[in-house]
Amino acid sequence: MKFICLGYMDATKWDQMSEIECKKLMQACLAYDDELRRGKYFLGGEALQNIHNVVTLRYQNGKVTFTDDPYTETKEQLGSLLFLEARDLNHAIQLMSQHPGIRSGAFEIRPIDEDINARLTNPKT
């Protein structure tokens with residue numbers, strides 16, 4: 001099964017960390033991502049810029065509007081996307097619970113909807 005793992009970071013914790021602590025955490029996260037690659041569990045991923053560069057689109061009153069702020073007010077911000085291959089949800093939980101990023105935020109793990117994605121990539125089926 002394929003999963004998307006949304007990595008959330010507590011912005012206040014990040015701001016309180018020293019530059020050395022931030023660098024060590026990032027090195028540990030990247031090293032674990034390499035472990036996932038070696039196990040053929042890592043399918044891809046992206047780090048995101050902080051929420052100061054966010055634009056949110058909404059459909060309101062018959063038109064699209066935008067605001068240059070995050071969708072909700074929260075201490076945690078979405079910081080990364082990781083695509084994971086695992087046997088099932090329990091296996092995905094096991095893999096991501098070992099990720100060093102869990103020490104400074106949260107991971108939301110969602111199964112990818114393979115049926116809808118197949119229609120997106122091949123609309124004639």
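The following paragraphs consider the cysteines and the salt bridges of this structure, which is a predicted model.

The cysteines come first. A search of the whole structure finds 0 disulfides. The positions of Cys22 and Cys29 help to explain this result. The sulfur of Cys22 has its closest cysteine sulfur in Cys29, at 11 Å, which is too far for a bond. Seen from the other side, the closest cysteine sulfur to that of Cys29 belongs to Cys22, again at 11 Å and too far for a bond. A disulfide requires the two sulfur atoms to lie within 2.5 Å. As for their surroundings, Cys22 has a relative accessibility of 13% and therefore counts as buried. Cys29 is also buried, its relative accessible area being 10%.

The charged side chains are considered next. The structure holds 2 salt bridges. One of them joins the side chains of Arg37 and Asp34, with a distance of 2.8 Å from N to O. These residues belong to helix α2, which covers residues 19-38, and because they stand 3 residues apart in that helix, about one helical turn separates Arg37 from Asp34. Arg37 is partly exposed, at 41% relative accessibility, and Asp34 is partly exposed as well, with a relative accessible area of 36%.

The other salt bridge is formed by the side chains of Glu108 and Arg110, where the distance from N to O is 2.5 Å. Glu108 has a relative accessibility of 24% and so counts as partly exposed. Its partner Arg110 is likewise partly exposed, with a value of 47% relative accessibility.

Conventions:
Residues are numbered from 1 along each chain as its sequence is written. This is a predicted model: local features need pLDDT of at least 70, side-chain atom pairs count only at pLDDT 80 or more; totals for chains, interfaces and linings use all residues. Side-chain values use heavy atoms; hydrogens and water are left out. Buried means under 20% relative accessible area, exposed over 50%, partly exposed in between (1.4 Å probe, protein chains only). A salt bridge is a side-chain nitrogen of Lys or Arg within 4 Å of a carboxyl oxygen of Asp or Glu. Helices (H or I, at least four residues) and strands (E, at least two) are DSSP runs, numbered from the N terminus.
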